[in-house]
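Here are a few exercises to work through with the coordinates open in your favourite viewer. Try each task before you read its solution.

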Amino acid sequence: MVKEEQELANRPDNTAFTQQRLPAWQPMLSAGIVIPGFVIIGLAFIGIGVALFVTSHSIQVLELDYTGVENTEPCYRCSDPSSKNCVCTLEFSIDSLFEGPVFFYYGLTNYFQNYRKYGASRDDNQLSGDLDYFKSPGNDCAPYQYNSNNKPIVPCGAIANSMFNDTFKLYQIIRGSKKLVPFDGKGIAWWTDYNIKYRNPSVTPLKNAFNDTVKPLFWSKPAYELDPTDPANNGFINQDFLVWMRRAALPDFRKLYRRITEGDYAKGLPAGNYSLEIAYNYPVMSFDGRKKVVLSNVSWMGGKNEFLGIAYLVIGSLCVVMSIVMLIVYAKFKFPEED
Amino acid sequence: MGMDVSTLRTLISRYCVGEENWVDSRTIYIGHKEPPPGTEAFIQQRFPDNRIVSSKYTFWNFIPKNMFEQFRRVANFYFLIIFLVQLIIDTPTSPITSGLPLFFVITVTAIKQGYEDWLRHKADNSVNQCPVHVVQHGKVVRKQSRKLRVGDVVFVKENETFPCDLILLSTSRDEGVCYVTTASLDGESSHKTYFAVQDTKAYNTEQEVDSIHATIECEQPQPDLYKFVGRINIYMDNEPVARPLGSENLLLRGATLKNTEYIYAVAIYTGMETKMALNYQSKTQKRSAVEKSMNAYLVVYLFILISKAFVNTVLKYVWQADPNRDEPWYNDRTESERQRHIVIRAFTDFLAFMVLFNYIIPVSMYVTVEMQKFLGSYFIMWDDEMFDEELGERAVVNTSDLNEELGQVEYVFTDKTGTLTENNMEFIECCVDGHVYVPHVILNGQVMPGAGMDMIDTSPGPEAREHEELFFRALCLCHTVQVKEEETVDGIKQGIHQGKSTSFYISSSPDEVALVEGMKRLGFTYLRLKDSHMEILNREDEIERFELLEVLTFDSVRRRMSVIVRSSSGQLYLFCKGADSSIFPRVISGKVEQVKARVEHNAVEGLRTLCVAYRLLSPEQYQEVCHLLSGAKLALQDRDKRLAEAYDIIEKDLILLGATAVEDRLQEKAADTIESLHKAGMKVWVLTGDKMETAAATCYASKLFHRNTQILELTTKRTEEQSLHDVLFDLSRTVLRQHGGMTRDTFSGLSGDCTDYGLIIDGATLSAVMRPPQEDSNSGNYKEIFLEICRNCSAVLCCRMAPLQKAQIVKLIKASKEHPITLAIGDGANDVSMILEAHVGVGIMGKEGRQAVRNSDYAIPKFKHLKKMLLVHGHYYYIRISELVQYFFYKNVCFIFPQFLYQFFCGFSQQPLYDTAYLTLYNISFTSLPILLYSLIEQHINMDILKKDPSLYRDIAKNSLLRWPIFIYWTILGVYDAIVMFFGAYFLFDNTTFTSNGQLMTTNTQMMFGNWTFGTLVFTVLVFTVTFKLALDTHYWTWINHFVIWGSLIFFVVFSLLWGGIIWPFLNYQRMYYVFMQMLSSGPAWLSIILLITAGLLPDVLKKVIWRALWPTTTERIQTKRRCLASEPSTIFMLSQTSSRISF
């Protein structure tokens, strides 16, 4: 009796799991499934591809380089680093209506916002408005942590320091006179950045929070005076600042500067001549960079991007071609086991 | 007191003498009594105590030794270096990302190994502390086994095991003999006789033994069980008498005393110096072939890693030659960085790149592999089909490291006794003049006289009746069986008569016991040998007495034995029994044809047959015989040869009586198992300590040798006739000639037309073969020739093997040029050395103790369970782990290669593409569970089919799923996927407005995506692609698979939402905040994720379909077939067989 009990105790559990006999679905990649599957996927992809391609083609983009490398270019004289407060004007014309809403970008090339040291050179605690970090910014910010008088820099770090500071004004030239195209500078940054992630210290006036600190070396104005027209657009939640602080992934990038959504231009930029007035401050020649402005409108799928449409078309047609190849293999070799 | 003084003296002398006095022989003072002064001075040596140590660590050295051993593993050492680098220099990722997993792995392994060693300590202690009896000052004292010392006189009782190697001084028996079974040493379960020293055999009480004054000189311990040379000097009245000692006086540790009440013996080899311990090999850690491939892959990846880091470092400095790139105004260096020397900077950069790419060799792979092995091994233990109801035992896994090796076995070395056979002989039938008699099973111990047999043929006439009785008497007389008496003489007769087990037969040959017992069941009972008269109880319950005149003992050359007896009527008989081949040529009359037919029939059945014949001797002939024999026995030179000649003259002109058939019961389904193993492409070798005839019969019975197997013999008998050299060359010529004409398809065990070869070799010849080549050029390298012969034999039988020789054979095959994977299976202590030597050691839970089980990697209750273990479990484990290994490398190429590519676009600044959380969790949680689960429960083919069609095992032979082409395919696939993912995302971002129009957000704006969104996009595609890739490879979708695969994808999404959804207070950066949500709110992101996943999986799907169509493996054919015929399960087997034939 005891022995029997022992046996029972030692006997393995006879369950489906322990005996590896769980009920299971046992699919197989046979030609019968794969060929129709490929055809369906291929056709669907071609469809999406065509739609994307057509959409992408309907998007208008206007790109203007204003770096001023050649001496024929209007901004050539400003590209000399010794010139201060240089303003240059770029003339261009639009042949047909540039449908709105039009987005106004500035673009930089050969500019590495994705350097590791550069990217780490910021203090998120400071940027969330923590006053302790105003006095002693994080070490990651070095060498943009303290100035030569050992005063803390706010906002510290390389990213903030190198904030893009060219400004633009767009005029439509109507019979010789310049008509200012109104820019909308609100809501160009992420909503969460503006409302949650970046916070100004709750000190009024904001200026007082910046006592005993210095502005970044490269900046001409302190953070609390970035936008004199709108007090809510100052400090760390300045939209241009937020846009800059979101590092670009690749060395050639563009960032949103303004939207054109108001007044006479809500429907877009009508055909005609335009003049772009640039306050040229940002040096790029030293590292062989280029600056440009881009005007673009968007569709349901975002900005102009032919790659996605073409890629869909290519993959879709590959699927169809492969299914044909497989069909030929199928016919020729008869897939003996399925006879 | 005197004892203490002598101990002290010994101690002092030990320390004075020191180790340098190591000599070829040792001197033992029996009872620690010094020899009388004036005798030759012996050098007293230091002997170890009787402690057996199998554990690896002590309490003190555990941590340093274990750490050292763990960090000797390339992988661990690598991770340690990475961790230290992260601690020292400024690197892109935090040291926690590699330190934590490493700490975890090291700790878990240390705990596991510590626990295992603790178990070994416990086992050692129980052996070392078991009590033994020692004679001290004329009294028997109990001692712990480990305290036993050389020179102690030990008292051993019946059925006790000898605690160390002993020289027999005296026994309870008057003749000074004792019987011993060495079953746990060499597997021979028969009783062997050992002899006490002639001059001491009379000393058989404690006091007397204590008075023996003698020393023993003998050789230093050596592992050969059957060799011993020594000398005993007995001081009688201070006059030394020297007597030779041989292996017949030496009782070995591990053997058991039988049929003898007690013995006194003196310890000569103790502890680790006993022959048993010397036959053990140190337990080294076994590595599986998969692990070896894994390490090779690791080296490749390490090389890739280093070259990646190197290329990036070089490119970085080439690129930075332009000072504006080196330090653009927006990214100034700190002063201390500027002052650093360029070489140091370059070196730190190199290390930083290493750290950035180090995930290509993930810690988690080792953890997952360990977990897979550990958890997977439970399926062996849980297997109900491998549970034996009779023993109440289930399979045991001692080392889970070798699971997959079970799927790679090419050579199976099996013990015979207790492994293939039940170790249980049974009389099956006899045949007298062509009439067959089969005994009935005894009912309630009662044998019905006359009715005890079943005659298959027509009832014999009166003449035949006479022959029949003579036959039974012959079998009752012609043997060397002893009757073991438990009761008084009166009791025996009664006991036997009543069928009670008060007495039983003992013999050095289990066949003889079976025959005598069989005769008992047929009505003739052998009672005893008394005053050289053999007594038989015949069918009429009358006692017949025969005077035993001569015994012509058995030897393996003659292969027969005879007795000469005188019946009560004065008639002189010579009864002879032996192998058919040695009897038939000497027969002059009798129904030879009928008997021969029956013998052949039985041999085919795998029964062990013996023929019986007799000869009537006239008194004159008897005188002649006596003359011949005594002449031969008295000869001083060539005694054996002259005896053989005499026997040859005597055993002739025989009259054939009949034949017997005895079965050494094979274990259940042993033959079926061996056949399956053969079909699966394994070569099965039987290694046994048993004698050749017995072993060969078993081989036939277990279908190791077939009827048409041509047997090649490489035995002492042959090498005596011819030189070893000639024999070897002869055999190799025979084999190779055949082999030259052999076509490929004969490889399969199915076709029987072609001769396949079976080799029989014995221990002595083997050691001659293994001997290192001598100077004379003639001898050459026998090993190679021997291996060549073996390779061409489908089955090999090695008999008369010492335990260490078994290991040598395994080693020889292991080291041969194909480096095959070997498996050794056995049940006794004699198999331990080969179990330890083979790649996989399997123990059978037999009758001969647990030693084999303890030292094995796997233990199973019965031999038949080997089939499922190899064909099903081994196959599954191999498939699973090879996918695990390949997939792990693949998914980490996919993971890290984009990061490598990204360096080209971020100025080689070691910017990570992915967030730290993704870097850390990718291998730990997002992609770990699906592959772990796959590697636990994947079944590419149903297990019933695997069992029915052993040839499927060949599909995975030779590590076929981890060959370099397959590995390269996986790596290229990984690189391709990485390129698709990275450049897909790149083209979407580069110079275009890959942006969100923010419909889901409160403002309708078009916002920029930064570098973290870029990385997150790549990462999302990555996680989905590698998970779907695994899903495509899964053939067996249980609910758990669904749960884990879809679950881990959902987990990734939920984690990402959560990780980006909250401002995490403990982090000093918030770079991932809302990144994932923003990405998902963009239409193009969705479209590109779908596109990139599809593009990544496309080529693999295509490859699978086309390969399956054009070059299907057997496995794939069967998968397809099973699918087609799912409704008709009965046809599967038939079809799978045809397919296996096609594939060869």
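**Exercise 1.** Which residue of E6(A) stands opposite Gln172(A)?

*Solution.* Bear in mind throughout that this is a predicted model. Begin with the two strands: E5 of chain A, residues 167-174, pairs with E6(A) in the antiparallel sense, over four bridges. Then look across from Gln172(A): the residue opposite is Lys179(A).

Now widen the view. The strands E2-E9-E5-E6 of chain A, in that order, make up an open sheet with antiparallel pairing. At its edges are E2 (86-94) and E6 (177-180), each of which pairs on one side only. On average, neighbouring strands here are turned by 30° against each other, direction ignored.

**Exercise 2.** Find the bridge partner of Thr109(A) in E10(A) and place the pair in its sheet.

*Solution.* Start with the strand pair: E4 (residues 102-109) and E10 (residues 290-296) of chain A run antiparallel and are joined by seven bridges. Within E10(A), Arg290(A) is the partner of Thr109(A).

Next comes the sheet, which is open and antiparallel, with four strands of chain A in the order E1-E10-E4-E7. Its edge strands are E1 (61-65) and E7 (253-260). The average turn between neighbouring strands of this sheet is 20°, again with direction ignored.

**Exercise 3.** Decide how the axes of H8(B) and H29(B) are oriented relative to each other.

*Solution.* First take the geometry: H8 (residues 289-319) and H29 (residues 865-903) of chain B pack at about 5°, with axes 12 Å apart. Angles under 35 degrees count as roughly parallel, so H8(B) and H29(B) are roughly parallel to each other.

Then inspect the contact. Met294(B) and Tyr301(B) are among the residues contributed by H8(B), while H29(B) brings residues including Phe889(B) and Phe897(B). By type, the contact residues divide into 13 nonpolar, three polar and one charged.

**Exercise 4.** Is Thr313(B) buried or exposed?

*Solution.* Locate Thr313(B) in helix H8 of chain B. Its relative accessibility is 7%, and so Thr313(B) counts as buried. Beyond neighbours within four places in sequence, Thr313(B) is in contact with Ala346(B), Asp349(B), Phe350(B) and Phe353(B).

**Exercise 5.** How much area do chain A and chain B bury between them?

*Solution.* Count the participants: 93 residues of chain A and 104 residues of chain B take part in the contact. The two chains bury about 9200 Å² between them, with 61% of it on carbon and sulfur atoms. Finally, look for the top contributors on chain A: Gln20(A), Arg116(A) and Trp190(A) supply 10% of the area that chain A buries against chain B, more than any other three residues.

Notes. Residues are numbered from 1 along each chain as its sequence is written. Chains are lettered from A and ligands numbered from 1 in the order in which they are written. This is a predicted model: local features need pLDDT of at least 70, side-chain atom pairs count only at pLDDT 80 or more; totals for chains, interfaces and linings use all residues. Side-chain values use heavy atoms; hydrogens and water are left out. Axes are lines fitted to C-alpha atoms, for helices over the stretch in contact, and angles run from 0 to 180 degrees between N-to-C directions. Angles under 35 degrees count as roughly parallel, over 145 as roughly antiparallel, 65 to 115 as roughly perpendicular and the rest as oblique. Contact means heavy atoms within 4.5 Å. Ala, Val, Leu, Ile, Met, Phe, Trp, Tyr, Cys and Pro count as nonpolar, Asp, Glu, Lys and Arg as charged, and the others, Gly among them, as polar. Buried means under 20% relative accessible area, exposed over 50%, partly exposed in between (1.4 Å probe, protein chains only). Two strands pair if DSSP finds at least two bridges between them. Buried area is the accessible area (1.4 Å probe) that two parts lose on being put together, summed over both.
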